[in-house]
Structure formats: structure tokens, C-alpha cells
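Student: I've got a structure open and a few labels I'd like to see justified. Can we go through them one at a time?

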Amino acid sequence: MQGQTQVWRPSTEPPTENRDVIAIVSDGTFFMARYSNLSGWGFYFLDNGFQFDNTTGRDVRYWMPLADLPPIPA
């Protein structure tokens, strides 16, 4: 994705399977998240790590891919 503009995409167009993204839910809260065709939306929570959450997953409205990391110098 290097060199591409990052834009919000609707949840009706899910991201690539198992790729970390930023997801925004209906109340404006946003999470680092991951989508799985089998399990739906999973979210990274501070208190209990990564978990699939059907309740929150139903409220995802938009998502944005994370930018690529810069090259790490040798």
C-alpha cells in the first residue's frame, strides 16, 4: 500500500482476510481490528488482547488499512 492514499471503506466491503486494520463502529469508537471470513470481526482490547466480538462486529461501519511500516535500517 506504499504510496497509496488511505481512505475509509464501508464494512460492506470487508478487508483482506486476517489483515490488521482500524475499524470504526457506529458510536464513533475505533479499534485496531482484524476481519476473518469465518469468524467475522476481531478486536484488540487493552485488558484482554485480541478477541472476536460479534456484538461490536455488528456495529462496524467503516475500516481503513494500516499504513506500511517504513524500512528498518540495517
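Student: What makes two residues count as a contact here, and how many of the contacts between residues at least 6 apart join residues at least 24 apart?
Tutor: Heavy atoms within 4.5 Å make a contact. In this predicted model, 43% of the contacts between residues at least 6 apart in sequence join residues at least 24 apart.

Student: Why are E1 and E6 called paired?
Tutor: Pairing takes at least two bridges. E1 and E6 (residues 60–65) have 2 bridges, so they count as a pair, in the antiparallel sense. Within that pair, proline 10 stands opposite tyrosine 62 in E6.

Student: What about E2 and E6, how many bridges do they have?
Tutor: Strand E2 (residues 20–25) pairs with E6 over 5 bridges, again antiparallel. Here isoleucine 24 stands opposite tyrosine 62.

Student: What holds paired strands together in a sheet?
Tutor: Backbone hydrogen bonds, whether the strands run parallel or antiparallel.

Student: Which order do the strands take in the sheet?
Tutor: The order is E1-E6-E2-E3-E4-E5, an open sheet of 6 strands with antiparallel pairing.

Student: And why are E1 and E5 called edges?
Tutor: Strand E1 (9–10) and strand E5 (49–52) each have a single partner strand, so one side of each is left without a neighbour in the sheet.

Student: Where does the helix come along the sequence?
Tutor: The pattern reads β-β-β-β-β-α-β, with 1 helix and 6 strands in the protein.

Student: What does it take to be called buried, and how much of the protein is?
Tutor: A residue needs under 20% relative accessible area. Of the 74 residues, 26% count as buried.

Technical notes. Residues are numbered from 1 along each chain as its sequence is written. This is a predicted model: local features need pLDDT of at least 70, side-chain atom pairs count only at pLDDT 80 or more; totals for chains, interfaces and linings use all residues. Side-chain values use heavy atoms; hydrogens and water are left out. Helices (H or I, at least four residues) and strands (E, at least two) are DSSP runs, numbered from the N terminus. Buried means under 20% relative accessible area, exposed over 50%, partly exposed in between (1.4 Å probe, protein chains only).
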